[in-house]
Amino acid sequence: MSILLTARFHTTVAQTRQLPRVGLPEIAFAGRSNAGKSSAINVLCQRRRLAFSSRTPGRTQALNFFAIGPKEEPSAFLVDTPGYGYAAAPQSVRGAWDALAGRYLGRRAELRGVVLTVDSRRLVTELDRKLLGWLAPAVPVLVLLTKSDKLGFAERSAARRAAVAQLEEIRPGADLSVILFSVTARTGLDEARAIIDGWLARARVGQPADDSKTVLVED
Ligand code: GDP
């Protein structure tokens, strides 16, 4: 059984100083708003409303932490980062994204992997590229090509090939996986779970990270 099936809400972090200091491994989910990130989290964890769509009115630009592992003693966190690139978002919201999610993704020592949701019809956009550029080179990335049910058979493999080429150019030599994904057709679920489970199995569970590295520097 995938460890993702144990996911439950843990906490919301609105400022970097509220980040957990327990040193558990973290896997972040990121993506353009409307790319299908919350649908992917919910289906991978088999929970109806664990993550909320970035279109949900009133959602703040916060990081949502979900605990996974045994109930009494979580072994890791999944971290839902706010969707970016929402056309109607005011400049202040975009600045807030950079200050919290951007800094989290770029500097968090506990990060053991990033799952990036990319709409299979749009492929990797400029903002996705920017995000990938922020990540430390050692962080493995799993790209879910979402809504692949909307593509025909030939289009799907073409989309995957094109995305792999884009990503190899953006992060040459990095640990990258690209899978066709669909919530409605239930494509790629087992494959995605196996990759994330693998990251967590490799993470040094239970070893508190060095405090000086775990906490983000407040500028
Ligand atoms: P988020 O903003 O990235 O969290 O995106 P959501 O998960 O809220 O999804 C945005 C829209 O895409 C919603 O209307 C979803 O129902 C739809 N959607 C998400 N995943 C899929 C999928 O695999 N197939 C199809 N056809 N629609 C999807």
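Helix 2 covers residues 91-107, and its 17 residues should span 24 Å at 1.5 Å a residue. In this predicted model, the end C-alpha atoms of helix 2 are 23 Å apart, which agrees with that expectation. Helix 2 nevertheless has a bend of about 30°, located at Asp 98.

Part of helix 2 is buried: Trp 97, Leu 100, Ala 101, Gly 102, Arg 103, Tyr 104 and Leu 105. The cover over these buried residues includes strand 1 (8-13), strand 2 (26-31), strand 3 (63-68), strand 4 (76-80) and strand 5 (111-119). Helix 3 (126-134) is also among the elements that cover them.

The same helix matters for the nonpolar interior. The largest nonpolar core has 36 residues, and Leu 63, Tyr 104 and Leu 105 touch the most other members. Helix 2 supplies the largest share of this core, five residues. Apart from it lies another core, of 26 residues, which includes Leu 4, Ile 41, Leu 189 and Trp 199. Leu 105 can be followed in detail: leaving aside residues up to four places away in sequence, Leu 105 touches Ala 28, Ala 30, Thr 81, Trp 97, Leu 111, Val 114, Leu 131 and Leu 135.

The setting for these elements is a protein chain with six helices and seven strands. Along the sequence their order is β-β-α-β-β-α-β-α-β-α-β-α-α. The protein chain has 219 residues, of which 49% count as buried. Taking contacts between residues at least 6 apart in sequence, 77% join residues at least 24 apart. The accessible surface of the chain is about 10,700 Å², and carbon and sulfur atoms account for 52% of it.

Charged side chains are the next topic. Side chains of opposite charge can pair when their charged atoms come close. With N and O atoms within 4 Å as the cut-off, the count is nine salt bridges. One of them joins Asp 80 to Lys 37, with the closest N and O atoms 2.6 Å apart. This pair links distant parts of the chain, since Asp 80 lies in strand 4 and Lys 37 in helix 1 (residues 37-45), 43 residues apart. Asp 80 has a relative accessible area of 6% and is therefore buried, under the 20% limit. Lys 37 counts as buried because its relative accessibility is 9%.

Where does a salt bridge of Asp 119 lead? Its partner is Arg 121, and the closest N and O atoms are 3.0 Å apart. Here the two residues fall into separate classes of exposure: Asp 119 is buried at 9% relative accessibility, whereas Arg 121 is partly exposed at 43%.

A further salt bridge lies within helix 3. The side chains of Arg 129 and Glu 126 meet at 3.6 Å, N to O. Arg 129 and Glu 126 are three residues apart in helix 3, so about one helical turn separates them. An α-helix has 3.6 residues a turn, so residues three or four places apart point the same way. Glu 126 is exposed, with a relative accessible area of 60%, while Arg 129 counts as partly exposed at 24%. Elsewhere, salt bridges link Glu 26, Arg 108 and Glu 110 in a network.

Definitions and conventions
Residues are numbered from 1 along each chain as its sequence is written. This is a predicted model: local features need pLDDT of at least 70, side-chain atom pairs count only at pLDDT 80 or more; totals for chains, interfaces and linings use all residues. Side-chain values use heavy atoms; hydrogens and water are left out. Helices (H or I, at least four residues) and strands (E, at least two) are DSSP runs, numbered from the N terminus. The expected span of a helix is 1.5 Å times one less than its number of residues. The bend at a residue is the angle between axes fitted to the seven residues ending there and the seven starting there. Buried means under 20% relative accessible area, exposed over 50%, partly exposed in between (1.4 Å probe, protein chains only). Contact means heavy atoms within 4.5 Å. A nonpolar core is a set of buried Ala, Val, Leu, Ile, Met, Phe, Trp, Tyr and Cys residues joined through side-chain atoms within 4.5 Å. Accessible areas come from the Shrake-Rupley method with a 1.4 Å probe; for residues, only the protein chains shown count as cover.
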